[in-house]
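Student: Got a minute to go through a model with me? I'd like to start with the ligand site.

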Amino acid sequence: MKNRGIDRKVGRSFPGGGGLIAVLDAGSSKVSCMIGQVDPSGGIRLAGMGLTASHGIRAGTVVDMARTREAVGRAIHEAEVATGSHVESVIVNISGGHPLSHTYTAHVDIGSRAVSENDLRRAIAQARPAQEQVKMEIVHSLPVEYAIDGNRGVRDPLGMEADQLAMKLHVVSAEAAALNNLRSCVEECHLAVERFVVSPYASGLAVLLEDERQLGTAVIDMGSGTTTVAVFVEGRCIWVDSLPVGGWHVTSDIARGLGTTLADAERLKTLHGHAMTSAIHYHEEIDVPVVGDNDETHMRHLPKSMLGQIIQPRLEETFELVRSRLEASGMFALAGHIVLTGGASQMPGIRDLAHYILDRQIRHGRPSRLISGGIGNAGAIDPAANPSLATCAGLLAFAGEHPAELPLLPTEGLSQPGGLFGRVGQWLRENL
Ligand SMILES: Nc1ncnc2c1ncn2[C@@H]1O[C@H](COP(=O)(O)OP(=O)(O)OP(=O)(O)O)[C@@H](O)[C@H]1O
Ligand SMILES: [Mg+2]
């Protein structure tokens, strides 16, 4: 995998790649790699992609290093072939590792002079991971609010005279072991991890409209092994969470409930599944291959409503869990709209069920900012219409919107003139 014999290098550290960026969504059901860039109008221009089944990741966390490594290598290679480029580094999502949001307020003495970029960096450097027993690593430190001498609501403190600066940060941390295992799988494919981005934050960047991000919206990414949530208010991501439940659990409920294989359960779910039992006519029947004695398979005609009676409770439970997490964190009141994305959000009737449980206006979100000119290998699928590609597209959006997100950890890179220093200031001016 090391020498792919192609010259154009892709990655944020390789501007020679024509501004192309490579991103990797290490999902529980599929690993996808996109190579592309964000154009000035905000469109995410996709040059090519690679997509392969994932067997080494469960609930967003690596459980089998060899199989994950193989899937990562395959997805990257496919995207490289499609674009004629050589990927050196990638931006990677993280769904597992119990990502945790907390708010941290940093205080910096200014001493009656204008606030400088250095003061902002001093404030950011104070961010700490949430206190947990398991070792946590900071993934994001996002400024959400400033106060100058006790006066809150300051949008951009740079250049303002102050005695005391307070910076409220949204700090997202995840288990260091989960990040390190995923990083190792990527590095063993001779690729560097540029940085991690939590999945629902990325999905929100791909599917939310600007108004939704401003007014207060929760994006729920319903994947195979996880359901992840991010809340955006006033254009900023202020909270994320992850539940270890997704479409795979619906499939396994069906396999158990109907006595069929996982493969047949998956097929029955996508062909005949419905989130609302009440919407299924009682006359309708489906053929279910059932494994009997002596491992023989025979067909049983079962009422289709049986499928709904299995699917609905699992999805209800998932939305109830989401609601209780939103309520417990105080986010429910802020999330006036809800957008569903991820592969498992394609279940017919899911919008009605989500509306019933979450009591909010619900819409389906797709990565519609994707402009897929030049895709050589994506075949019939239109990536912009595919909600399971929301996270991957969002990683590209992240790279475009945050040319240099605030430094992950305070020490590294801070002493390089014109490095993160300059870019932090630029990011702050553009985003706050
Ligand atoms: N038409 C459909 N109806 C219902 N579920 C579907 C449909 N199509 C795909 N799914 C489900 O979507 C899930 C895959 O979604 P997605 O690709 O977003 O997951 P992932 O990113 O691999 O997983 P995760 O984000 O949890 O790590 C699978 O469980 C699959 O069964
Ligand atoms: Mg996913």
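Student: Which element gives the largest share of the shell around ligand 1?

Tutor: That's H7, with three residues. Helices here are DSSP runs of H or I, at least four residues, and strands are E runs of at least two, numbered from the N terminus. H7 spans 262-272, and both H7 and H6 (247-258) supply at least two shell residues each. Bear in mind that this is a predicted model, where local features need pLDDT of at least 70 and side-chain atom pairs count only at pLDDT 80 or more, while totals for chains, interfaces and linings use all residues. Residues are numbered from 1 along each chain as its sequence is written, chains are lettered from A and ligands numbered from 1 in written order, and side-chain values use heavy atoms, leaving out hydrogens and water.

Student: How many residues surround ligand 1?

Tutor: 19, counting those with a heavy atom within 4 Å. Ser28, Ser29, Thr226, Glu266 and Lys269 are the closest.

Student: What polar contacts does Lys30 make with ligand 1?

Tutor: A polar side-chain atom of Lys30 is 2.9 Å from a ligand oxygen; a polar contact is a pair of N or O atoms within 3.5 Å. Backbone atoms join in too: a polar one of Gly225 lies 2.8 Å from an oxygen of ligand 1, and an N or O of Thr226 also lies 2.8 Å from a ligand oxygen.

Student: New topic: how many aromatic pairs are there?

Tutor: Two, taking Phe, Tyr and Trp (six-membered) rings with centres within 6.5 Å. One of them, Tyr201 with Phe232, has centres 6.0 Å apart and planes at 45°, so it's tilted, meaning neither stacked (under 30 degrees) nor edge-to-face (over 60).

Student: Where do Tyr201 and Phe232 lie?

Tutor: Tyr201 is in helix H4 (199-207) and Phe232 in strand S15 (227-233), so the pair ties together parts 31 residues apart in sequence.

Technical notes:
Polar contact = N/O pair within 3.5 Å; in protein donor to acceptor, adjacent residues only side chain to side chain.
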